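Please read the following report alongside the sequence and the 3D view, and take the time to find each part as it comes up.

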Amino acid sequence: MSDDPGEAFVIRRLLAARPPLAVPPVDAGADDACVLEDGTVISSDALVEDVHFDARWSPADVGWRAVATNVSDLGAMGARPDWLTLALALPAPLDRAWVDGFAAGLGAALAAFRVRLVGGDTLRGPAVVASVTVGGRAARPVRRSGGRPGDQLWVTGRPGMAGLGFAHGPNPALLRPQPPVGLGVALAENGLVNAMMDISDGIARDLPRLCAASGVGAWVDPAALPPLEGLPPGVDPLPLQLGFGDDYELLVAAPPAHGRSIAALAAAHGTCATPVGRLTPDREVVLAGRPWPGAAFSHFSPPAAAPC
């Protein structure tokens, strides 16, 4: 259940290098985005060729993904994305057709998520790297640290569909993620949730992070997880549902009394929300009847489990 120690080491060193700030951010460590005192929310993420995408992705898919993966972090904190900057490294010689395709996918995602491209940089590099910083505003920011014992745990969409596409043939969930940004904003603005984050790294890694930030544990019912459409016979769905990641769905902790409102709001935003467990006071993360799975991927450590 521990996080990637290599990644944690890098983050600790970078945060320790910060000089004291006269006006520190409200929050700049526990979550995927930083919340400033005026309600501005900022996040940054990158896509690296042969790490986050490969030849199965068209350049348009990569352009879409550069936007979608970043706005997911804002929506998961209840923030409305407004603008982004893009630093794009491209290998030489320049592949103009690839750039045209990337730009088309980027533009489609900017329109879909109503985000403005306001600046950035272009440069030569050994591989394609798309580094995005996105900003927006949150009237009522929701952090992963607000969970309480007794909260009901929910997931949106069908976690594991991206992993299914990676292992058994590309699908829209893998190539063109559709993070429920509007739903995250609505859940926050209606005061329905205590803690929230996206599950881009998989429930196996992200739920323990939420629990650690909130000082709680969790119990998850594997039978309650939404089934995976198109799963081949004989394939265990749990490593995909919990361990793979890349889903860009929401993990939500909320009072049980808000369950009906959460389900109705999800339906109004064209998706589903499913209760899959609860938060507990003992700080242990438990999967009923099964050992807690390892994550399928980490940047600086060997994988703890295969995706299928």
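The accessible surface of the protein, computed from a predicted model, comes to about 13900 Å², and 57% of that surface belongs to carbon and sulfur atoms. Of the 308 residues, 48% count as buried. The protein carries 23 positive and 31 negative charges, and the mean positions of these two groups are 4 Å apart.

As for overall form, the C-alpha trace spans about 55 × 55 × 40 Å along its principal axes. A compact globule of 308 residues would have a radius of gyration near 19 Å, and because the protein has 19 Å, the value agrees with that expectation. The secondary structure comes to 9 helices and 11 strands. Among contacts between residues at least 6 apart in sequence, 84% join residues that are at least 24 apart.

One strand worth following is β6, which covers residues 152-156. Because 4 of its 5 residues are buried, β6 is largely enclosed by the rest of the structure. The strand β6 is joined by bridges to β9 and also to β10, as the table sets out.

| Partner of β6 | Residues | Bridges | Direction |
|---|---|---|---|
| β9 | 250-254 | 4 | antiparallel |
| β10 | 273-280 | 5 | antiparallel |

Individual residues can be placed within these pairings: glutamine 152 stands opposite alanine 254 in β9, while threonine 156 has alanine 273 in β10 as its bridge partner. In a regular strand the side chains alternate between the two faces of the sheet.

Two further residues can be looked at one by one. Serine 200 lies in the loop between β7 (195-198) and α7 (203-214). Is serine 200 buried or exposed? Its relative accessibility is 17%, and since buried means under 20%, serine 200 counts as buried. Leaving aside residues up to four places away in sequence, serine 200 touches Asp206, Gly245, Asp246, Asp247 and Tyr248.

Isoleucine 42, in turn, has its place in strand β2, which covers residues 40-48. With a relative accessible area of 28%, isoleucine 42 is partly exposed. If residues up to four places away in sequence are again left out, isoleucine 42 touches several residues, including Ala33, Leu74, Thr133 and Val134. For one of these, threonine 133, the separation can be given in two ways: isoleucine 42 and threonine 133 are 91 residues apart in sequence, and in space they are 7.1 Å apart, C-alpha to C-alpha.

Notes. Residues are numbered from 1 along each chain as its sequence is written. This is a predicted model: local features need pLDDT of at least 70, side-chain atom pairs count only at pLDDT 80 or more; totals for chains, interfaces and linings use all residues. Side-chain values use heavy atoms; hydrogens and water are left out. Helices (H or I, at least four residues) and strands (E, at least two) are DSSP runs, numbered from the N terminus. The radius of gyration is taken over C-alpha atoms; the globule rule is 2.2 Å times the number of residues to the power 0.38. Buried means under 20% relative accessible area, exposed over 50%, partly exposed in between (1.4 Å probe, protein chains only). Contact means heavy atoms within 4.5 Å. Accessible areas come from the Shrake-Rupley method with a 1.4 Å probe; for residues, only the protein chains shown count as cover. Lys and Arg count as positive and Asp and Glu as negative; His and the chain ends are not counted. The place of a charge is taken as NZ of Lys, CZ of Arg, CG of Asp or CD of Glu. Two strands pair if DSSP finds at least two bridges between them.
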